[in-house]
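Please look over the model below before reading on. The questions after it are meant for someone new to it.

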Amino acid sequence: MLVALPLHAQVEGGLPDGTPAPAVQITDLDGRLVDLGASIGQRPVVLEFWATWCTVCAALMPTMERARQAYGDQVRFVGVNITVGERPEAVRAWVERHRPPFEVLYDSSGAAVRAYDVQSTSTVVIIDRAGRVAYTGVGATQDIPAVLARVLAADPDPRSPSP
């Protein structure tokens with residue numbers, strides 16, 4: 001029996017589905033500017049707004065790992081550290097110990113948090129290939145692989161060979 005999963009989880013805040021994804025610039029852990037807009041419109045992007053101290057984020061990590069293993073060649077995975085109470089050195093040490101399944105960026109200015117109207121850690125935003133918000137969810141029980149399967153099926157890569 002197949003059960004349809006909603007693409008949009010109930011959250012307060014966040015951008016509505018179909019909204020063009022903001023192309024913000026934030027830094028990496030070395031202070032280099034990274035343009036999040038560089039991948040928008042190229043391939044789907046998963047943004048997780050997280051922190052090292054976030055227990056819900058830790059609980060979501062295995063799901064993110066499964067999603068990365070299944071779709072890492074088709075989707076860009078980015079973890080946006082919200083920087084509340086976190087210094088780059090501490091985040092870097094945590095990343096070296098835990099090896100999260102995403103590229104880690106450091107939102108010291110809060111630009112991405114504001115642009116995506118993020119209300120809490122463990123917020124995940126999935127942007128489709130067309131550059132629009134396809135999903136926003138919060139919490140440890142999000143089924144990111146299922147959402148990505150639906151996003152990819154709804155908008156197959158035109159460069160991929162037909163079945």
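The questions and answers that follow concern a predicted model.

Q: In what order do the strands of the open sheet stand?
A: The open sheet has seven strands, and their pairing is mixed. Strand S2 (33-35) and S7 each have a single partner strand, so one side of each is left without a neighbour in the sheet. From one strand to the next the twist averages 35 degrees. The order is S2-S1-S5-S4-S3-S6-S7.

Q: How many of the residues of S6 are buried?
A: Buried means under 20% relative accessible area. Side chains in a regular strand alternate between the two faces of the sheet. In S6, Thr123, Val125 and Ile127 point one way, Val124 and Ile126 point the other way, and all are buried. S6 is therefore largely enclosed by the rest of the structure, with a buried count of five of the five residues.

Q: In which sense does S6 run relative to S3, parallel or antiparallel?
A: Strands of a sheet pair through backbone hydrogen bonds, in one sense or the other. Phe49 stands opposite Thr123 in S6, and Leu47 has Val125 as its bridge partner. Five bridges join S3 to S6, and the two strands run antiparallel.

Q: Which residue in the turn between S6 and S7 has a positive phi?
A: S6 pairs with strand S7 (residues 133-138) over five bridges in the antiparallel sense, and Ile127 has Val133 as its bridge partner. The two strands form a hairpin with five residues between them. The residue in the turn with a positive phi, of about 85 degrees, is Gly131.

Q: Where does H1 bend?
A: Helix H1 (residues 55-71) has 17 residues, and its span of 25 Å from first C-alpha to last is close to the 24 Å expected. The helix bends by about 35 degrees, and a proline, Pro62, follows the bend within four residues. The residue at the bend is Met61.

Q: Which elements do the buried residues of H1 pack against?
A: The buried residues of H1 include Cys57, Leu60, Met64 and Ala67. In an α-helix there are 3.6 residues a turn, so residues three or four places apart point the same way. H1 lies across S3, S4, strand S5 (103-106) and S6, at about 165 degrees to S3. Its buried residues pack against strand S3 (45-50), strand S4 (76-81), helix H2 (88-98), strand S6 (123-127) and helix H4 (144-154).

Q: Which residue forms a salt bridge with Arg32 at 3.1 Å, and is that residue buried or exposed?
A: Side chains of opposite charge can pair when their charged atoms come close. Arg32 is exposed, with a relative accessible area of 52%. Its partner at 3.1 Å, taken between the closest N and O atoms, is Asp28. With a relative accessible area of 12%, Asp28 is buried.

Q: Which residues are linked in a network of salt bridges?
A: Arg32 also meets Asp30 in a salt bridge, at 3.2 Å from N to O. Asp30 in turn meets Arg92 at 2.9 Å. This pair links distant parts of the chain, with Asp30 in the loop between strand S1 (25-28) and S2 and Arg92 in helix H2, 62 residues apart. The network links Asp28, Asp30, Arg32 and Arg92.

How values were computed:
Residues are numbered from 1 along each chain as its sequence is written. This is a predicted model: local features need pLDDT of at least 70, side-chain atom pairs count only at pLDDT 80 or more; totals for chains, interfaces and linings use all residues. Side-chain values use heavy atoms; hydrogens and water are left out. The expected span of a helix is 1.5 Å times one less than its number of residues. The bend at a residue is the angle between axes fitted to the seven residues ending there and the seven starting there. Buried means under 20% relative accessible area, exposed over 50%, partly exposed in between (1.4 Å probe, protein chains only). Contact means heavy atoms within 4.5 Å. Two strands pair if DSSP finds at least two bridges between them. Axes are lines fitted to C-alpha atoms, for helices over the stretch in contact, and angles run from 0 to 180 degrees between N-to-C directions. A salt bridge is a side-chain nitrogen of Lys or Arg within 4 Å of a carboxyl oxygen of Asp or Glu.
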